[in-house]
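Me: Could you walk me through how to read the features of a protein model, one at a time?
Reply: Gladly, let's look at it together.

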Amino acid sequence: MATVIDSHFLALTAIVTVGYQLFFFIITALLKFDKVTDFAGSTNFVIIAVLTLVIKGSWHFRQIILTLLVVIWGLRLGLFLLMRILQWGEDRRFDEMRSNLGKLAVFWIFQAVWVWTVSLPVTVVNASDRDPSVQAEDIIGWIMWSLGISIEATADQQKLLFKNSPENRGRWCNIGLWKYSRHPNYFGEILLWWGIFVASVPVLEGAEWLVILGPIFLTLLLLFLSGLPMLEESADKKFGNVAAYRIYKKTTSPLIPLPPIVYGNLPLWFKATFLLEFPFYSRSLPQEGPNWYRSSQEEIKDELKMS
């Protein structure tokens with residue numbers, strides 16, 4: 001089919017993304033209904049992937065596979081988040097935005113930028129005329145995606161079951177994958193999008209390598225802005241005075257899953273340098289007293305018995 005607007009579909013996907021997010025922004029602003037926010041973001045990825053594949057019409061094997069991977073991820077995450085918010089009620093992220101149109105608009109603009117940027121590898125692959133045979137990068141990327149979505153889906157389900165159990169009310173999730181990472185779902189999401197980029201490498205030439213900005217943007221977003229910092233601050237404010245939580249935080253990796261016995265014995269400089277344990281993740285954690293660790297042992301033992 002003929003090229004639409006530009007050879008890499010960058011303008012087309014930008015227009016589609018802005019239009020799609022604008023539609024849901026209007027619904028949110030007029031009806032004060034923010035339960036569709038995450039669904040709008042996730043499904044936008046699906047629309048971009050499928051639209052660029054169909055418009056190009058090449059139907060190369062790599063294009064089909066990468067599009068399918070995005071569709072599976074987008075629909076799984078979008079439906080999961082939609083069902084969760086419908087079950088739990090209002091999204092607390094919007095408590096300060098519902099009556100502030102400016103803040104709400106900034107959020108939706110940022111979501112549009114997120115969708116368009118992270119979709120870049122698939123967009124460029126689907127727009128390409130090149131079709132090299134399957135290479136090692138493809139297989140490595142597919143494996144990374146498979147591991148990533150398995151970790152993300154498993155972590156999401158484990159936390160949902162944990163939160164839905166009345167006996168866990170007022171406690172932080174520390175079961176399953178959450179024993180080894182404080183944010184395993186984010187680790188899975190970062191891994192799968194880097195996998196999609198790696199699987200796109202055989203097609204890339206010249207300036208097309210700039211699509212690496214997609215997984216970089218996602219990683220920086222989750223590490224420094226809307227992901228870990230917000231959740232770490234929220235958890236520290238809720239549980240920061242609970243000794244068992246402080247032990248959990250000291251012995252559990254913030255992102256990369258590791259056995260607590262290994263992570264807990266690593267020096268702080270090593271954690272901060274190589275394992276993303278940035279100091280600002282604990283800026284809301286209350287200061288420890290001089291005898292804090294010793295006095296907390298009985299509470300830790302009780303917590304372990306309960307788990």
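Me: Which pattern does the protein follow along the sequence?
Reply: Helices (H or I, at least four residues) and strands (E, at least two) are DSSP runs, numbered from the N terminus. Here the protein reads α-α-α-α-α-α-α-α-α-α-α-α-α-α, which comes to 14 helices and zero strands. Do keep in mind that this is a predicted model, where local features need pLDDT of at least 70, side-chain atom pairs count only at pLDDT 80 or more, and totals for chains, interfaces and linings use all residues. Residues are numbered from 1 along each chain as its sequence is written, and side-chain values use heavy atoms, with hydrogens and water left out.

Me: Which residues does UniProt list for "transmembrane region"?
Reply: UniProt positions are given in the numbering used here, feature names are shortened, and annotations may be inferred rather than shown by experiment. The unreviewed UniProt entry lists 12–31, 38–55, 61–83, 104–127, 186–204 and 210–231. In the model, residues 12–31 are 100% helix and 0% strand, with end C-alpha atoms 29 Å apart. For residues 210–231, the figures are 73% helix and 0% strand, and the end C-alpha atoms lie 30 Å apart.

Me: What share of the protein counts as buried?
Reply: Buried means under 20% relative accessible area, exposed over 50%, and partly exposed in between (1.4 Å probe, protein chains only). By that rule, 48% of the 307 residues are buried. Helix 10 (residues 243–251) is a nice case to inspect, being mostly covered, with seven of its nine residues buried. Those are A243, A244, Y245, R246, I247, Y248 and K249.

Me: How many cavities of 30 Å³ or more does a search of the whole structure find?
Reply: On a 1 Å grid over the protein atoms alone, a cavity is a set of points where a 1.4 Å probe fits but cannot get out; lining residues have an atom within 4 Å of a point. Grid points are joined across faces, edges and corners, and a volume is the space filled by probe spheres set on the points. The search finds one cavity of that size, holding about 30 Å³ of space.

Me: And which residues line the largest cavity?
Reply: The lining is made up of F45, I48, A49, V70, S119, V122, T123 and W193. Helix 2 (37–56) and helix 5 (120–127) are the elements that give two or more residues to this lining, and helix 2 gives the most, with three.

Key
1 Å grid on protein atoms, 1.4 Å probe; cavity = no way out; pocket = protein on both sides within 12 Å on 5 of 7 lines; lining within 4 Å.
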